[in-house]
Amino acid sequence: MASGSVSITIKLFSALREALGESEFELAISDISQASAQLDVAAIKALLSQRGAAWKEALNQPNLVHALNHKVVFTDAVVSEGDELAFFPPMTGG
Amino acid sequence: MSVALQSEAIDVAAEYTQLVGDRPGAAVVTFTGYVRDHSDQHAVTELELEHYPEMARKVLSDLGQLAAERFGLRNWRIVHRFGLLAVSETIVWVGAVADHRGEAISACELIMDTLKTDAPFWKREQGPAGEQWVASRDSDIARRARWQSGEAQ
């Protein structure tokens with residue numbers, strides 16, 4: 001159960017970065033109530049989706065990939081102070 | 001046993017020499033990927049590769065390590081470019097050294113099949129029809145899945 005304030009780094013890549021006009025920023029989450037559920041990737045997505053329609057649409061694409069501290073995770077991964085959380089479309093390297 | 005992320009062209013001959021060193025082992029397999037002049041529907045004149053440096057380095061290092069353990073590699077190397085690339089330029093180079101050809105071929109294939117879907121790079125094509133992000137391909141996802149299902153080994 002989370003409490004207090006948590007600060008994390010958000011990174012956006014590719015079409016997501018372009019659509020939202022941001023590539024990296026610090027997100028300070030204050031007022032995390034004792035009663036709130038665990039602070040996971042889904043909670044961060046919900047929080048960022050409140051920034052507007054573009055954010056809501058971009059972060060709710062069915063094929064969105066989330067990487068927590070450089071590792072691809074599901075939305076139930078727990079986020080902690082100092083973590084780096086990245087959102088991006090499926091990768092197309094090689 | 002290393003990874004390089006670079007904006008400059010890949011010196012394939014120098015990479016090969018470095019990979020093999022004084023002791024080539026019995027089997028050396030390399031893969032070189034180049035920028036195509038077309039996609040499925042459009043002519044392509046230039047390719048821009050965006051990447052997530054810290055994660056790309058970690059994913060590729062872990063992948064090389066995995067291939068080395070699985071196939072008993074004597075040496076391996078993965079080089080991936082980022083930035084603006086012209087048609088016919090190198091994008092990626094993978095080298096694997098093993099005692100037998102089967103292991104070296106499979107290691108190279110595992111690395112390439114996994115890299116396409118798991119390493120954080122995104123291609124943006126430019127051509128007469130404009131610019132567009134390249135969508136992930138079902139065929140790449142299917143090739144990646146073969147290694148997880150045990151179909152490829």
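Two residues are in contact if their C-beta atoms, placed from the backbone, lie within 7 Å. Keep that cut-off in hand for the exercises below. The model is predicted.

**Exercise 1. The contact between the chains**

Find how many residues each chain gives to the contact, and which elements of chain B take part.

Solution.
- Step 1. Count by chain. Chain B gives 22 residues and chain A gives 13 residues.
- Step 2. Look for the elements on the chain B side. H2, strand S6 (90-98), H3 and strand S7 (121-127) of chain B each supply at least two residues.
- Step 3. Pick out the largest share. H3(B) provides it, with five residues.
- Step 4. Sort the side of chain B that touches chain A by class. There are 12 nonpolar, four polar and six charged residues.

**Exercise 2. Two helices of chain B**

Work out whether H2(B) and H3(B) are roughly parallel or antiparallel, and describe their contact.

Solution.
- Step 1. Locate the helices. H2 of chain B spans residues 53-71, and H3 of chain B spans residues 101-118.
- Step 2. Take the distance and the angle. The two axes come within 10 Å and cross at roughly 155°.
- Step 3. Apply the cut-off. Angles over 145 degrees count as roughly antiparallel. H2(B) and H3(B) are therefore roughly antiparallel to each other.
- Step 4. Give the hand. The crossing of H2(B) and H3(B) is right-handed.
- Step 5. Name the residues. H2(B) contributes B:Val59, B:Leu60, B:Leu63, B:Gly64, B:Ala67 and B:Phe71. Residues from H3(B) include B:Ser106, B:Leu110, B:Ile111 and B:Asp118.
- Step 6. Sort the contact of H2(B) with H3(B) by class. It has nine nonpolar, three polar and two charged residues.

**Exercise 3. The span of a helix**

Compare the reach of helix H4 of chain B with the span expected at 1.5 Å a residue.

Solution.
- Step 1. Count residues. H4(B) covers residues 138-149, which is 12 residues.
- Step 2. Compare. H4(B) reaches 16 Å from its first C-alpha to its last, close to the expected 16 Å.
- Step 3. Look just past the helix. B:Gly150 follows H4(B), and its phi is positive, near 95°.

**Exercise 4. The layout of chain A**

State how many helices and strands chain A has, and in what pattern they run.

Solution.
- Step 1. Count. Chain A has three helices and five strands.
- Step 2. Read along the sequence. The pattern is β-α-β-α-α-β-β-β.
- Step 3. Check burial. Chain A has 94 residues, and 24% of them count as buried.

**Exercise 5. Three residues of chain A**

Decide whether A:Ser14, A:Asn69 and A:Leu48 are buried or partly exposed.

Solution.
- Step 1. Set the cut-off. A residue is buried if 20 or more other C-beta atoms lie within 10 Å of its own.
- Step 2. Take A:Ser14, in helix H1 (residues 14-20) of chain A. A:Ser14 has 24 C-beta neighbours inside 10 Å, so it counts as buried. Its phi is positive, near 60°.
- Step 3. Take A:Asn69, in the loop between strand S3 (65-68) and strand S4 (71-73) of chain A. A:Asn69 has 18 C-beta neighbours inside 10 Å, so it counts as partly exposed. Its phi is also positive, near 50°. Most residues other than glycine have a negative phi.
- Step 4. Take A:Leu48, in helix H2 (residues 41-49) of chain A. A:Leu48 has 19 such neighbours, so it counts as partly exposed.
- Step 5. Find the partners of A:Leu48. Leaving aside neighbours within four places in sequence, A:Leu48 is in contact with A:Trp55 and A:Leu59.

Definitions and conventions: Residues numbered from 1 in each chain as written. Chains lettered and ligands numbered in written order. Predicted model: local features only at pLDDT ≥ 70, side-chain atom pairs only at ≥ 80, totals over all residues. Axes fitted to C-alpha atoms, helices over the stretch in contact; angles between N-to-C directions. Helix = DSSP H or I, 4+ residues; strand = E, 2+ residues; numbered from the N terminus. Parallel < 35°, antiparallel > 145°, perpendicular 65-115°, else oblique. Left-handed = near helix turned anticlockwise from the far one by under 90°. Nonpolar A, V, L, I, M, F, W, Y, C, P; charged D, E, K, R; others polar. Expected span 1.5 Å × (residues − 1). Buried ≥ 20, exposed ≤ 12 C-beta atoms within 10 Å, placed from the backbone.
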